[in-house]
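User: I have a structure open here and want to go through a few spots. Can you take my questions as they come?
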Amino acid sequence: MANKIRLTVGGISYSVYSEDSEEYVREIGRELEHKMDKLAKNNPFLSTTMVAVLAALDATDALKKAEAQNNELINEIKALSERCALARSDADHAVRQLEEYKRTNGEI
């Protein structure tokens with residue numbers, strides 16, 4: 001069931017419907033408000049809409065970079081998993097060779 005949360009961002013009040021918790025949605029709203037306030041203070045000639053678009057561009061940029069980093073990490077994990085599987089196979093082979101050596105030399 002979606003929660004209805006009332007937020008004010010950039011001086012405008014919004015009703016937000018979300019499956020996420022009210023606390024989470026309010027935190028997102030606070031982060032956006034903070035980002036917009038910072039942009040507006042650095043660029044006082046911009047309208048609220050322009051500030052919102054810049055904040056959206058910044059958030060989209062951060063998302064794209066995080067997705068790229070996530071993909072890099074996934075690829076690194078896959079490569080490490082493959083190396084681990086090869087090392088496990090090598091270790092199993094070495095154990096079999098040792099057991100064969102012990103058998104042929106009467107140590108077992």
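User: Is Ser18 buried or exposed?
Analyst: Ser18 is buried, because its relative accessible area is 12%; buried means under 20%, exposed over 50%, and partly exposed in between, with a 1.4 Å probe and protein chains only. A note on the basis: this is a predicted model, where local features need pLDDT of at least 70, side-chain atom pairs count only at pLDDT 80 or more, and totals for chains, interfaces and linings use all residues. Residues are numbered from 1 along each chain as its sequence is written, and side-chain values use heavy atoms, with hydrogens and water left out.

User: Which strand is Ser18 in?
Analyst: Ser18 belongs to strand S2, residues 12–18. Strands (E, at least two residues) and helices (H or I, at least four) are DSSP runs, numbered from the N terminus.

User: What is Ser18 in contact with?
Analyst: Beyond its neighbours within four places in sequence, Ser18 is in contact with Met1, Ala2, Asn3 and Val25. Contact means heavy atoms within 4.5 Å. Separately, a polar atom of the Ser18 side chain lies 2.9 Å from the backbone nitrogen of Asp20.

User: Switching to pockets. How much space lies in the largest pocket?
Analyst: About 320 Å³. A pocket is an open set of points on a 1 Å grid over the protein atoms alone, where a 1.4 Å probe fits, with protein on both sides within 12 Å along at least five of seven lines; lining residues have an atom within 4 Å of a point. The volume is the space filled by probe spheres set on the points, which are joined across faces, edges and corners.

User: And which residues are closest to its centre?
Analyst: Val9, Ile28, Gly29, Leu32 and Met36, out of 19 lining residues.

User: Which element gives the most to that lining?
Analyst: H1, with 7 residues. At least two lining residues each come from S1 (3–9), S2, H1 (22–42) and H2 (48–104).

User: What does Val9 touch?
Analyst: Leaving out residues up to four places away in sequence, Val9 touches Tyr14, Gly29, Leu32, Glu33 and Met36.

User: Last topic: where is Leu57, and is Leu57 buried or exposed?
Analyst: Leu57 is in helix H2. Leu57 counts as exposed because its relative accessibility is 54%.

User: How far is Leu57 from Glu19?
Analyst: The two are 24 Å apart in space, C-alpha to C-alpha, and 38 residues apart in sequence.

How values were computed. A polar contact is a pair of N or O atoms within 3.5 Å; within protein, one must be able to donate a hydrogen and the other to accept it, and residues adjacent in sequence count only if both atoms are side-chain atoms.
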